[in-house]
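Work through the following exercises with the model open beside the text, and attempt each task before reading its solution.

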Amino acid sequence: MRVQPVTICEKALILEALRSGKRFDFRGLEEFREVKLVVGAEIGTAICTIGNTKVLAAVSAQIAEPSSMRPHKGVINIDVDLSPMANYANEHDRLGSRGMELIRLLELIIRDSRCIDVESLCIRAGKEIWKVRVDVRILDDDGSLLDCACLAAITALQHFKRPNVTLEPHHTLIYSEYEKAPVPLNIYHMPICTTIGLLDKGQMVVIDPTDKEAACLDGSIVVACNKRREVCALHQSTNLVLSTKQIERCVKLAMSRAEALTAVVSDVVKQDQRERSAFKRPDGFAITAPALILTAGTVAARKIVAPVVKNEPDVEQRAMYQPSIVLNENPLSVGSVKQEEVDNDASISEQVEMIQNSVGKVEVTETQKSSTISNRKREEKEVDDLLSGLDDDEEEVQTMTLGAEEPVQDVTMQEEEEEQPNLLLAKKKKKK
Amino acid sequence: MSIISEHGFRLDGRRPAQIRNVNTRLGLNRNAEGSSYLEHGNTKVLCAVYGPYEGKASKRLEDRCAIVCQYSTTTFSGLERKNRPRGDRKSTEMSRLLEKAFESVILTESFPRSQIDIFCEVIQGDGSNLAACVNATSLALADAGIPMKGIASAATCGIVEGNPIVDLTSREETDLLPRVTLATICGRDEVVLVELHNRLHIDHLSVVMEAAKATCADVYECLAVVAQQHLKACAPILGN
């Protein structure tokens, strides 16, 4: 489905509100939405929500062969799925320009800023490396998608632990989590992404715009920063003209945000670790759903009485019974065969008509459908008769070479000879 | 090997704030509406502009013209031979960046329901490829006579130990050196494109931005002279 543009009056209303410093979700212009961060029961999963935007990230690792260019470095792959579930403007299995931008920026922030130590992901140089895969699933889309996706991915990476391995001379041993403690990834820094919307040629700053606000704004600038006061990515998201001063201001805003969120991410991960080390069962994503809706857990267990099971039928009966199932399994294909047969009959009857016309002498009294076979027989008989008659004629010609009425008989013979190829032609057609 | 020597020179003998020689030709391609060839030292870019014309229905926009850009590098442009001249992640990203930058440079509202195609081919890549492409495209658009807010000029700028260096070569574009590509209109403080590679400390940001902005203004001087000369050569009716 195509992107529905915001109506003119709605756009005017939103812009008017923004210009007077108000927003529809009761925020100030430089106020962020509430960020919720939850790590899953499974290692290396996280859900992040910013307002209504919701993103799930899951990290997994597998052993793979490195590329010949980088034989001693691990690989980090990022996969983004923008399903139509999140926003009906998204197309199934296709990243639009928005999706492409999202995936490219995520790669830029997570891979190209070198926040993960890829050298430590090497097991055997040139032979075996860890291939870490970050799956980002957009569950709900309401603006600041990149911020949310980035936060979820970073949290999932922080939470993730790869299996421990030891090297033997000819093979690698991979341990399960019960044998040897899994190893977390080496993460140097956490880039946190911030989307800043701009209005009136960059004069007004609207932080963390929702989907509708973003559609009304001139454009936005995306800044990724880390705790060490470094800018990891800077991207002018839409076509707008800015001054360098405005860009620097946006970077400063993003920087304070990054410091606050880095603390949140490490808090969440640390708390989860503490709970796990105390053998407390992790809550997982269950806490993201409101407790009132979760009623399945309160149902009392009931005793279920199973009905008495009869003896199985005899083996012979089953053997007899099975083929019928097999036959009935494909009602569609059976139907199609029947259709073909009907078609075949129709074509045969059509051809028979043609033959009748070409022969001109054959009379058919029966119905077309039933007479197909008898027709064929009759034809054969006719041909035989004709051929035998021909033979007779030839004999006659041979014997009566000097007869008085020779020309007349010759004419009849020619007529019959003309008919013969016609009939053969018809037969050929029928065979086709 | 340090990027700036103790005497204050770079690997190719330039000062930190010195750009490479800029050579240009306009109107090379007979079929294209406008075309240009541009050299920044050893970085060589060929650019052609087609349109505005009635483009594909799928790309058509009701209120402005669509800009479609294709960035490609020749297989022999870099140190290693490339397998795919276009269509890889990096090329698509470059194309998208160019499209976005020129969407805000060209007066797109003048041509609703039409399309402008921009083709950039990097013949030899020796650093600052994106900046060279922006500059070449500006000249090609000027040659095509497409109305713009001004000639866009771009420059790549890095920072070494607190000192900015401008117009980086491929030897200076290392993994560790933070670099910013900035494009401005007419050398003014109007940024249409900003792209950062590698991590840059916030204290260095304003230094790099200032240096990049000054370089953009320098490059703009060069481009403006070229465009004016070409205009005089092509249209003697205008006088002067």
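**Exercise 1. Determine what share of the chain A contacts between residues at least 6 apart in sequence join residues at least 24 apart, and describe the chain in which they occur.**

Solution. Two residues are in contact if their C-beta atoms, placed from the backbone, lie within 7 Å. Among the contacts in chain A between residues at least 6 apart in sequence, 69% join residues at least 24 apart. This is a predicted model, in which local features need pLDDT of at least 70 and side-chain atom pairs count only at pLDDT 80 or more, while totals for chains, interfaces and linings use all residues. Residues are numbered from 1 along each chain as its sequence is written, and chains are lettered from A and ligands numbered from 1 in the order in which they are written.

Next, take the secondary structure: chain A holds nine helices and 14 strands, where helices (H or I, at least four residues) and strands (E, at least two) are DSSP runs numbered from the N terminus. Finally, of the 432 residues in chain A, 29% are buried, a residue being buried if 20 or more other C-beta atoms lie within 10 Å of its own, exposed if 12 or fewer, and partly exposed in between.

**Exercise 2. Find which residues touch the most other members of the largest nonpolar core, and follow one of them to its contacts.**

Solution. A nonpolar core is a set of buried Ala, Val, Leu, Ile, Met, Phe, Trp, Tyr and Cys residues joined through C-beta atoms within 7 Å. The largest such core has 150 residues, and Ala149(A), Ala152(A) and Ala153(A) touch the most other members. Setting aside residues up to four places away in sequence, Ala149(A) touches Val55(A), Leu102(A), Leu106(A), Val136(A) and Ile138(A). Two of these names recur in helix H2 (residues 97-112) of chain A, where the buried residues include Leu102(A) and Leu106(A), together with Arg104(A) and Ile109(A). After H2(A) comes Arg114(A), with a positive phi near 55°. As a general point, nonpolar side chains tend to be buried together in soluble globular proteins.

**Exercise 3. Decide whether Pro71(A) is buried, partly exposed or exposed, and place it in the chain.**

Solution. Begin with the loop between strand E3 (53-64) and strand E4 (75-81) of chain A, in which Pro71(A) lies. Pro71(A) is partly exposed because 14 other C-beta atoms lie within 10 Å. Beyond its neighbours within four places in sequence, Pro71(A) is in contact with Pro66(A), Ala125(A) and Gly126(A). The C-alpha atom of Pro71(A) is separated by 49 Å from that of Leu29(A), which is 42 residues away along the chain.

**Exercise 4. Derive the strand order of the five-stranded open sheet in chain B, and state what packs on it.**

Solution. Strands pair if DSSP finds at least two bridges between them. The order is E1-E2-E3-E5-E4 (chain B), with mixed pairing. Strand E1 (22-26) and strand E4 (66-73) of chain B are the edge strands, each pairing on one side only. From one strand to the next, the twist averages 15°, where axes are lines fitted to C-alpha atoms, for helices over the stretch in contact, and angles run from 0 to 180 degrees between N-to-C directions. H1(B) packs on the sheet by touching E4 and E5 of chain B, and its direction makes about 145° with that of E4(B). Within the sheet, strand E3 (residues 43-53) and strand E5 (residues 115-124) of chain B pair in the antiparallel sense over eight bridges, and Val45(B) has Val122(B) in E5(B) as its bridge partner.

**Exercise 5. Characterise the side of chain B that touches chain A, and identify the element that gives the most residues to it.**

Solution. In total, 21 residues of chain B are in contact with 20 residues of chain A. The elements giving two or more residues to this side of chain B are helix H1 (89-105), strand E9 (191-197), strand E10 (200-201) and helix H3 (202-234) of chain B. E9(B) gives the most, with six residues. By class, the side divides into ten nonpolar, three polar and eight charged residues, with Ala, Val, Leu, Ile, Met, Phe, Trp, Tyr, Cys and Pro counted as nonpolar, Asp, Glu, Lys and Arg as charged, and the others, Gly among them, as polar.

Pairing also crosses between the chains: strand E14 (residues 230-236) of chain A and E10(B) pair in the antiparallel sense over two bridges, and Val231(A) stands opposite Leu200(B). As for E9(B), seven of its seven residues are buried, and strand E8 (residues 179-185) of chain B pairs with E9(B) in the antiparallel sense over six bridges.
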